[in-house]
Amino acid sequence: MKVNLKKISEITGFSSATISNALNHKRGVNEDTSKRIFEVAHKLGYIDENRITKIKFVTYKKNGWIIDDSPYFSLMLDGVKKECRNLGYEMVVFTLDRKDEDYENQVKWLVNDTSSAVILLGTELMDEDITPFLNASCPILSLDYYNSDMDFDGVLINNTDSAKMATEYLIEKGHLQIGYLRGSFRIKPFRSRAVGYTRALKKKGIPYNREYTVTLTPSMEGAYEDMIDYLKGNPKLPTAYFADNDMIALGAMKALQEFHYKIPEDISLIGFDDLPFSDIATPRLTTIRVSKQEIGELAVQRIHQMIKNKDKSKLKICVCTEFVERDSVKDRTKETTGYLQN
């Protein structure tokens with residue numbers, strides 16, 4: 001016999017309208033009532049995870065410093081949309097703002113909606129923010145964030161090795177004084193990139209000089225304004241900088257140029273992300289290319305496996321990057337004496 005709302009109503013004693021509102025997570029249904037309805041619906045087979053036809057792409061917003069101004073995430077979203085279409089899923093885009101008054105209720109609704117799967121863009125997630133997402137009732141996967149306490153999958157970039165590769169390139173080009181343009185909002189990807197930067201210096205026997213680290217707002221305009229303030233103090237500058245992302249690198253580049261520093265003749269720069277306008281900057285920015293659309297597609301493919309096969313294995317999927325050599329790094333090897341260690 002096919003299970004319908006009438007059958008659930010007969011068992012629970014609640015009206016079909018109340019049952020429908022509860023199953024669709026609409027407001028106005030008592031929590032105990034909703035719990036009872038879901039228990040019966042699961043037991044009767046009315047709710048079946050194999051019937052999931054919807055994927056929610058949820059952007060977690062802590063303060064918006066990273067996700068608001070960058071085209072990086074819209075490109076990733078394009079990949080998610082494309083693969084949802086290919087696999088026949090309806091896609092819903094949702095922003096979860098930590099500052100909203102009903103934030104906790106929104107999270108409860110998301111993680112308890114067993115009719116949908118969730119891809120959580122966690123770029124701005126900090127470790128203390130992950131707790132409400134643990135033990136979710138629905139299939140869930142995080143993008144651009146991973147925590148060993150998570151009981152679900154994560155898809156992220158190989159940040160540490162990529163930053164190490166970029167810094168080693170600067171060393172190979174003869175730069176012995178390499179600074180770090182550090183994003184002020186210390187998201188996990190930035191912290192991992194800092195590790196890669198320092199590892200590269202250590203490997204080549206180059207001491208880390210704190211004087212060459214500049215903390216900047218992680219947006220183009222914010223980085224520009226902060227770098228202007230920094231340069232007004234007439235600081236000692238390195239010959240090159242590795243930046244946490246392209247937005248920071250391009251903002252700093254503009255400020256340096258306004259102070260009459262030539263890029264790359266005086267200061268070399270490497271960014272991270274390979275945003276579309278990095279190739280049209282003057283000079284064109286050397287950077288790390290992230291396969292943004294492919295990451296979105298991969299996330300949908302993985303959550304599709306979880307839905308169809310009820311795959312309970314926990315995976316941390318690291319996506320490799322590509323180094324993009326352009327015009328913002330000067331080759332100083334002829335000026336540098338050969339003390340570099342192999």
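Helices (H or I, at least four residues) and strands (E, at least two) in these legends are DSSP runs, numbered from the N terminus. This is a predicted model, in which local features need pLDDT of at least 70 and side-chain atom pairs count only at pLDDT 80 or more, while totals for chains, interfaces and linings use all residues. Residues are numbered from 1 along each chain as its sequence is written, and side-chain values use heavy atoms, with hydrogens and water left out.

**View 1. The whole chain, with its 10 helices and 12 strands.** Along its principal axes, the C-alpha trace spans about 85 × 35 × 35 Å. Of the 342 residues, 51% are buried (buried means under 20% relative accessible area, exposed over 50%, partly exposed in between, with a 1.4 Å probe and protein chains only). The chain exposes about 16200 Å², and carbon and sulfur atoms supply 46% of that; accessible areas come from the Shrake-Rupley method with a 1.4 Å probe, and for residues only the protein chains shown count as cover. Now for contacts, meaning heavy atoms within 4.5 Å. Taking those with a separation of 6 or more, 73% are between residues 24 or more positions apart.

**View 2. An open sheet of 6 strands with parallel pairing.** Reading across, the order is β2-β1-β3-β4-β5-β11. Two strands pair here if DSSP finds at least two bridges between them. The edges belong to β2 (90–97) and β11 (316–319), each of which pairs on one side only. Neighbouring strands are turned by 20° against each other on average, direction ignored. Axes behind such angles are lines fitted to C-alpha atoms, for helices over the stretch in contact, and angles run from 0 to 180 degrees between N-to-C directions.

**View 3. Strand β1 beside its parallel partner β2.** Zoom in on residues 54–61 and you'll find β1 joined to β2 by 8 bridges. Two pairs of residues help you get your bearings: Val58 stands opposite Phe94 in β2, and Lys61 stands opposite Asp97 in β2. Because 6 of its 8 residues are buried, β1 is largely enclosed by the rest of the structure. A handy reminder for this view: in a regular strand the side chains alternate between the two faces of the sheet.

**View 4. Helices α1 and α2 crossing at roughly 105°.** Two packed helices are described by the angle between their axes and the distance between the axes. Here the axes of α1 (residues 5–12) and α2 (residues 16–23) come within 9 Å. The crossing angle makes α1 roughly perpendicular to α2 (under 35 degrees counts as roughly parallel, over 145 as roughly antiparallel, 65 to 115 as roughly perpendicular and the rest as oblique). From α1, Leu5, Lys6, Ile8, Ser9 and Thr12 meet Ser16, Ile19, Ser20 and Leu23 of α2. Sort these contact residues and you get 4 nonpolar, 4 polar and 1 charged (Ala, Val, Leu, Ile, Met, Phe, Trp, Tyr, Cys and Pro count as nonpolar, Asp, Glu, Lys and Arg as charged, and the others, Gly among them, as polar).

**View 5. Ser9, a buried residue of the chain.** Ser9 sits in helix α1, with a relative accessible area of 18%. Leaving aside neighbours within four places in sequence, Ser9 is in contact with Phe14, Ser15, Ser16 and Ile19.

**View 6. Asp226 in helix α8.** At 25% relative accessibility, Asp226 counts as partly exposed. Neighbours within four places in sequence aside, Asp226 is in contact with Leu216 and Thr217. Asp226 and Glu325 are 99 residues apart in sequence and, C-alpha to C-alpha, 27 Å apart in space.

**View 7. Backbone oddities in the loops.** Most residues other than glycine have a negative phi, and most peptide bonds are trans. Asn234, in the loop between α8 (220–231) and β8 (240–243), has a positive phi near 50°, and Asn234 is exposed at 65% relative accessible area. His260 is not a glycine either, yet its phi is positive at about 70°. You'll spot His260 in the loop between α9 and β9, exposed with a relative accessible area of 70%. Pro264 is found in the loop between α9 (246–258) and β9 (268–270), and a cis peptide bond with omega of about 10° joins Ile263 to Pro264. Another cis bond, with omega of about 0°, links Thr282 and Pro283; Pro283 lies in the loop between β9 and β10 (287–289).
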